[in-house]
Amino acid sequence: MKICNKKKYVVGLSGGPDSIFLLDNLIKKVKKEKIIACHVNYNFRKDSNVDQKICEDYCKKNNIDLRTKVVDVSYDNLKQNFEAWARELRYDFFVEVLKENQFDKILIAHNMNDDIETYIMQVEKKILPKYYGLKKQTTYKNCIVYRPILEFKKSEILEYLRRNNIHYAVDSTNLDIKYTRNKIRSTIDENAFEEILIKKNVENKKINQYTNKINKLITEKITKKTLLNNTGEFNERFLFSYLENKGFGELIYSRKKNFLKEILKQLKSEKSYVKIAIGNLLIIKDRENLYFENIKNMRIIDKNIFDLDEEEKRFFKLNDLKGFEKDTFITNNWEKYRSQLIYKNKKLSDFYKKNKISYFDRFSTPIIYNKTSKNILNNLL
Ligand SMILES: Nc1ncnc2c1ncn2[C@@H]1O[C@H](COP(=O)(O)OP(=O)(O)OP(=O)(O)O)[C@@H](O)[C@H]1O
């Protein structure tokens, strides 16, 4: 286990084999004053107190400072998913202890099996993760979270504990195969780990290369050509980052790869005009041009010209309303009137098409029309 003996560590101690193994190896390398173990007793399982007792006994025997947070809530009223809620609660506790004591890092006892299970789950879910598997180091609320035992297999950990006669808790929920992670856990074989790790590293390298290229492209405007110049997963990641960058992250985080694939297929197609609406996101392909807009930011006005307020007049750059008849209306909602309004003896949409006016230019062009005759009265070019 690689660890710097100059730093001070808060250790997440569940009482399970992994965190007891981590702590037992840590005290061989780092002075005990530089270690605080933190245990959260959720009172969720019947045997929760057993886990707490195991942590207390281990820390007492080895003279380690242990902080315990005992949770006292009624789980019947819990709205969120328990795992996510519990994770946030324990990480917040670790951060609190770390800051109070001016320590350096939070240590979490994920092992190689957790890393591989995470990778397999990501592949099976067909999502587009930023990293496959577990990262050695991440941050939580600006604090460093480090995973020093990622390179140890579960069997090695259990063998170590057995050889050294160290007591640990067995999590009863780990045996429950209704949890996806446990289902995977029960089917993977540690003998296959090496091969899986190689594949995982190749995937992560690929993500790295893509990310470097994407970071260069992302500030430019995407066109159909950008997508045609690239292929497959690069485009999926590019579109993902582009949408995330434009503030649509929440809309795409939980989607499967197929969702992005389908959008890309439409955007790369021969069709000259494509419109895709997802939540507030409006994606338009207008020949070579692609537009990604938030519908909320698109202002639509459609009213009698004499009812415009001063701000709306400025929006349409209208100073003078002299000469207009009573039933004169103004709008920028060209889409609504595309086949109803007539301009130079043509349907509005035909005129726009013939003159290759882009979708968004159409939305910023005021259309002044007579409500009865449906004729457009102003110059649209
Ligand atoms: N009740 C707890 N008290 C203190 N630390 C804990 C507790 N539960 C888990 N941990 C810490 O988190 C590590 C991972 O735990 P576990 O595998 O149960 O969680 P996970 O859901 O897989 O991962 P995550 O930490 O991302 O939630 C443990 O080895 C331990 O370091």
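Start by selecting strands 10, 11 and 14: these three strands form an open sheet in that order, 10-11-14, with antiparallel pairing. Helices (H or I, at least four residues) and strands (E, at least two) are DSSP runs, numbered from the N terminus, and two strands pair if DSSP finds at least two bridges between them. The edges are strand 10 (302–304) and strand 14 (367–370), each of which pairs on one side only. On average, neighbouring strands here are turned by 25° against each other, direction ignored; axes are lines fitted to C-alpha atoms, for helices over the stretch in contact, and angles run from 0 to 180 degrees between N-to-C directions.

A word on what you are viewing: this is a predicted model, in which local features need pLDDT of at least 70 and side-chain atom pairs count only at pLDDT 80 or more, while totals for chains, interfaces and linings use all residues. Residues are numbered from 1 along each chain as its sequence is written.

**Inside the first sheet**

Now select residues 328–331, which are strand 11. Strand 11 pairs with strand 14 in the antiparallel sense over four bridges; click on Ile330 and you will find its bridge partner, Ile368, in strand 14. Then turn to strand 10, which three bridges join to strand 11, again antiparallel. Asn304 stands opposite Phe329 in strand 11.

**Zoom out to the whole chain**

Show the full protein chain, which has 13 helices and 14 strands. Its radius of gyration (taken over C-alpha atoms) is 30 Å, well over the 21 Å that the globule rule gives for 381 residues, so the chain is more spread out than a compact globule. That rule is 2.2 Å times the number of residues to the power 0.38. Along its principal axes, the C-alpha trace spans about 95 × 45 × 40 Å.

Try colouring by domain: domain 1 covers 9–194, domain 2 covers 218–295 and domain 3 covers 302–370, with bounds from an automatic or database domain assignment. The C-alpha centres of domain 1 and domain 2 lie 39 Å apart.

**A second sheet**

Next, select strands 7, 8 and 9, an open sheet of three strands in the order 7-8-9 with antiparallel pairing. Strand 7 and strand 9 (289–294) are the edge strands, each pairing on one side only. Neighbouring strands of this sheet are turned by 10° against each other on average, direction ignored. Add helix 10 (residues 257–268), which packs on the sheet and touches strand 7, strand 8 and strand 9; contact means C-beta atoms, placed from the backbone, within 7 Å. The direction of helix 10 makes about 155° with that of strand 7.

Look closer at strand 7 (residues 273–278) and strand 8 (residues 281–286), which pair over six antiparallel bridges. The partners in strand 8 include Lys285 for Val274 and Ile284 for Lys275. Two residues lie between the strands of this hairpin, and Gly279 in the turn has a positive phi of about 55°.

**Last stop: the ligand**

Finally, select the ligand and the 16 residues around it, of which Gly12, Ser14, Val40, Arg87 and Ala109 come nearest. A residue counts as near if its C-beta atom, placed from the backbone, lies within 6 Å. Helix 1 (17–29), strand 2 (35–41) and helix 3 (82–100) each supply at least two residues of this shell.

Methods:
Two residues are in contact if their C-beta atoms, placed from the backbone, lie within 7 Å.
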